[in-house]
Amino acid sequence: MQIIKRIYKQSAFILIPLAVLSAFFEWKKLPLSILIGGGLAIANLKGLAWGVQGLVGTGQQVTGALVFFSLIRFFIMTAILIILLWLKIINIAGIFIGLTTVLVLLLKEGVRSAREEG
């Protein structure tokens, strides 16, 4: 799972400076929101990797288990975001910036990995 390790490292190198840069804007919650959004995206990626690895490692067919665990992950992420919004800890724009940053890194590393193998 080299690709996931590269995404973790690159996420840290991008999200932390991005959060520091965002501290200069007027929104007080933006830096923390960026870090939380990136952290949730990384946690979701790690959960997806564990689920796929578990199914591939056991030789089972992709069944409802993968769908079930994906839904559980989705509901946990949604619950976390709703609670943080309700407590007014996060900013929606920051969450989207953090999630999008990790998603772009995932796509970039996926393309890079596909080019190396193909």
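Q: Helices (H or I, at least four residues) and strands (E, at least two) are DSSP runs, numbered from the N terminus. What makes K88 notable after helix α3 (residues 64-86)?
A: The phi of K88, which follows α3, is positive, near 60°. This is a predicted model: local features need pLDDT of at least 70, side-chain atom pairs count only at pLDDT 80 or more, and totals for chains, interfaces and linings use all residues. Residues are numbered from 1 along each chain as its sequence is written, and side-chain values use heavy atoms, with hydrogens and water left out.

Q: How many helices and strands does the protein have, and in what order do the elements run?
A: The secondary structure comes to four helices and zero strands. From the N terminus the order is α-α-α-α. The C-alpha trace spans about 50 × 35 × 15 Å along its principal axes.

Q: How do you know that the end-to-end span of α3 agrees with its residue count?
A: The expected span is 1.5 Å times one less than the number of residues. For the 23 residues of α3 that gives 33 Å, and the end C-alpha atoms are 32 Å apart, so the two agree.

Q: What span should α4 (residues 92-117) have, and what does the model show?
A: Its 26 residues should span 38 Å. The end C-alpha atoms lie 37 Å apart, which agrees.

Q: Why is S33 called buried?
A: Buried means under 20% relative accessible area, exposed over 50%, and partly exposed in between (1.4 Å probe, protein chains only). S33 has 0%, so S33 is buried. This residue sits in helix α2 (residues 30-58). Beyond four places in sequence, S33 touches I89, I90, N91, G94 and I95, where contact means heavy atoms within 4.5 Å.

Q: Is E109 buried or exposed, and why?
A: E109 is buried, because its relative accessible area is 0%. E109 belongs to α4. The other buried residues of α4 include G94, I95 and G98. Leaving out residues up to four places away, E109 touches I3, R6, I7 and Q10.

Q: Why is L106 called partly exposed?
A: L106 has a relative accessible area of 31%, so the label is partly exposed. L106 is also in α4. Outside its neighbours within four places, L106 contacts I7 and L45. Its C-alpha atom is separated by 9.8 Å from that of Q10, 96 residues away along the chain.

Q: What makes the pair E109 and K108 a polar contact?
A: A polar contact is a pair of N or O atoms within 3.5 Å; within protein, one must be able to donate a hydrogen and the other to accept it, and residues adjacent in sequence count only if both atoms are side-chain atoms. The side chains of E109 and K108 meet at 3.0 Å. Elsewhere, the side chain of S33 reaches the backbone oxygen of K29 at 2.7 Å.

Q: What caps the N-terminal end of α4?
A: N91 does: a side-chain oxygen lies 3.0 Å from the backbone nitrogen of A93.

Q: At what angle do the axes of α1 (residues 2-22) and α4 cross?
A: The axes come within 10 Å and cross at roughly 145°. Axes are lines fitted to C-alpha atoms, for helices over the stretch in contact, with angles from 0 to 180 degrees between N-to-C directions. By class, the contact has nine nonpolar, six polar and four charged residues. Ala, Val, Leu, Ile, Met, Phe, Trp, Tyr, Cys and Pro count as nonpolar, Asp, Glu, Lys and Arg as charged, and the others, Gly among them, as polar.
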